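Got the viewer open? Let's go for a walk through this one, a stop at a time.

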Amino acid sequence: MRSLSIFGATGSIGESTYDLIQRQGGRGAYRIVALTAGGNVRRLVEQARALRPEIAVIAEAAKLPALREALAGTGIEAAGGPAAVADAALRPADWIMSAIVGAAGLVPGFRALSHGTTLALANKESLVTAGPLLMAEARRHGATILPVDSEHSAAFQALGGEDMAAVETVTLTASGGAFRDWPLDRLAQATVAEASTHPNWAMGQRITIDSASMFNKALEVIEAHEYFGISPDRIEVLVHPESLVHAIVSFRDGGMIGHLGAPDMRHAIGYALNWPERAALPVARLRLAEVGRLTFAAPDPARYPALGLARAVMATGGLAGAGFNAAKETALDAFIAGAIRFTDMAGVVDRVLDRLSGQGGLEKAPASLDMVLDMDRSARRLAAEAMGVPADAERI
Ligand code: NDP
């Protein structure tokens with residue numbers, strides 16, 4: 001029986017993973033090792049009662065007593081705190097979903113690789129902050145990382161195992177987010193509620209706002225660079241409002257292979273869950289005659305400054321991805337809290353990268369997770385300082 005764990009089980013990706021596992025036989029078909037959540041005890045307990053994992057872990061340590069009480073008598077272990085989440089990743093499982101949001105997903109995902117697992121990686125921040133370390137750890141332990149981000153899963157499928165040397169470009173598509181058609185001068189007034197509505201995908205709030213600003217695509221470009229080992233100049237972004245073509249791989253013979261499908265994350269999750277097989281999945285089938293028309297456009301750099309920042313990050317390399325992501329997460333927190341405007345986020349990240357670059361060390365190759373975590377903390381502090389908000393440097 002295959003064993004598996006879900007990190008971030010109560011989130012958007014976690015719930016879709018849970019749904020697919022239940023449809024594929026649930027605890028009768030899999031041995032569930034660990035389920036983790038941030039603070040949602042109620043949902044974690046419901047999932048744990050249904051799937052019967054060895055252990056359920058809540059990252060907010062103060063909620064451990066409530067988790068313990070709710071699981072009393074079930075035989076399921078309960079644990080709490082970020083260290084307990086990371087420890088749960090050390091429990092061997094054949095397949096592990098990494099779906100914690102933000103840099104908090106890095107350490108658990110990294111630890112999971114130590115037992116040669118198949119890591120289904122939704123947490124793009126892991127590759128953005130510590131790509132070379134993560135890929136080297138996977139190689140060292142014979143672990144497999146499968147991309148779950150829809151564009152990267154699409155590119156992986158379009159590549160079909162072909163030699164990367166035959167690839168000219170990888171194109172990631174982007175819906176353009178909530179404000180694609182807004183006049184530029186209105187963006188500064190965008191509210192959190194408006195930014196939290198995605199035209200095509202149902203996702204967690206943070207990634208939805210990141211889609212509106214294209215910080216999400218910025219992270220994905222860096223993710224593609226790290227995962228596929230492709231140089232930044234060969235990664236392209238196309239605005240594709242229909243979100244039906246997820247990625248296109250262009251080969252040196254002039255052929256292009258694109259991956260199409262309904263915008264439903266259960267395709268990419270189900271592909272990773274069943275890989276290398278293809279199982280029947282409960283996603284809507286595309287009727288292209290009904291769709292009729294697919295449109296594509298180059299992204300406007302004035303509307304989406306995050307994309308330019310991602311290019312600068314890749315040019316710098318080293319720890320720049322960790323600084324970039326942490327500054328972005330802090331700016332996003334401040335936008336959600338109403339402390340800054342939607343259009344201020346890119347400027348904050350830019351200023352933090354400038355200051356980090358001035359201090360030196362941004363270009364240093366990450367030799368350990370500690371270096372990445374240190375950079376993450378510095379960038380969070382600088383971002384908070386730049387915005388005049390309290391620092392929350394202990395997020396990971
Ligand atoms: P959600 O916000 O919906 O869920 C995040 C999950 O992580 C929840 O289980 C949450 O617990 C948990 N969590 C939050 N903070 C912490 C923390 N500090 N420590 C431990 N656990 C924590 O996020 P999404 O599912 O949308 O995204 C998850 C990841 O997948 C992100 O990296 C995102 O970029 C990526 N992704 C998401 C896609 C999507 O469609 N949603 C598409 C492609 C990639 P709780 O519920 O208790 O708060």
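**Stop one: the edge of the bigger picture**

Select strand 6 (residues 118-121) and strand 7: the two run parallel and are joined by 4 bridges. For a landmark within that pairing, click on L119, which stands opposite I145 in strand 7.

Now zoom out a little. These strands belong to an open sheet of 7 strands with parallel pairing, and reading across you should find the order 4-3-2-1-5-6-7. Look at the two ends of that order: strand 4 (77-80) and strand 7 (144-147) are the edge strands, and each has a single partner, so one side of each is left without a neighbour in the sheet. Turn the view to look across the strands and you'll see a twist that averages 15 degrees from one strand to the next. Keep in mind as you go that this is a predicted model.

**Stop two: the ligand**

Next, pick the ligand and show what surrounds it. There are 24 residues around the ligand, and those that come nearest are T10, G38, G39, N40 and E125. Three of these are worth labelling:

- T10: a polar side-chain atom sits 2.6 Å from an oxygen atom of the ligand.
- N40: here a backbone N or O atom is the one to look at, 2.7 Å from an oxygen atom of the ligand.
- E125: a polar side-chain atom lies 2.7 Å from an oxygen atom of the ligand.

How much of the ligand does the protein bury? Taken alone, the ligand exposes 890 Å², and the protein buries 83% of that.

Colour the shell by residue class and you get 12 nonpolar, 9 polar and 3 charged residues. Then switch on the cartoon: helix 1 (12-23) and helix 6 (124-141) each supply at least two residues of this shell.

**Stop three: the other sheet**

Move along to the open sheet of 4 strands, ordered 9-8-10-11, where the pairing is mixed. Its edges are strand 9 (235-239) and strand 11 (256-260); each has a single partner strand, so one side of each is left without a neighbour in the sheet. The twist here averages 20 degrees from one strand to the next.

Walk across it in order. Strand 8 (residues 167-174) pairs with strand 9 in the parallel sense, over 5 bridges; find A174 and you'll see its bridge partner V239 in strand 9. Strand 8 also pairs with strand 10, this time in the antiparallel sense and over 5 bridges. To spot that pairing, select L172, which stands opposite A247 in strand 10.

Pause on strand 10 (residues 245-251): 7 of its 7 residues are buried, so it is largely enclosed by the rest of the structure. Strand 10 and strand 11 run antiparallel, with 5 bridges joining them, and V245 has L260 in strand 11 as its bridge partner. The two strands form a hairpin with 4 residues between them, and in the turn G254 has a positive phi of about 95 degrees.

**Last stop: helix 11**

Finally, select residues 265-274, which make up helix 11. Is this helix mostly covered or mostly uncovered? Mostly covered: 10 of its 10 residues are buried. Among them are M265, R266, H267 and Y271. Before you leave, add D264 to the selection. D264 caps the N-terminal end of helix 11, with a side-chain oxygen 2.8 Å from the backbone nitrogen of R266.

Notes:
Residues are numbered from 1 along each chain as its sequence is written. This is a predicted model: local features need pLDDT of at least 70, side-chain atom pairs count only at pLDDT 80 or more; totals for chains, interfaces and linings use all residues. Side-chain values use heavy atoms; hydrogens and water are left out. A residue is near a molecule or strand if one of its heavy atoms lies within 4 Å of it. A polar contact is a pair of N or O atoms within 3.5 Å; within protein, one must be able to donate a hydrogen and the other to accept it, and residues adjacent in sequence count only if both atoms are side-chain atoms. Accessible areas come from the Shrake-Rupley method with a 1.4 Å probe; for residues, only the protein chains shown count as cover. Ala, Val, Leu, Ile, Met, Phe, Trp, Tyr, Cys and Pro count as nonpolar, Asp, Glu, Lys and Arg as charged, and the others, Gly among them, as polar. Buried means under 20% relative accessible area, exposed over 50%, partly exposed in between (1.4 Å probe, protein chains only). Two strands pair if DSSP finds at least two bridges between them. Axes are lines fitted to C-alpha atoms, for helices over the stretch in contact, and angles run from 0 to 180 degrees between N-to-C directions.
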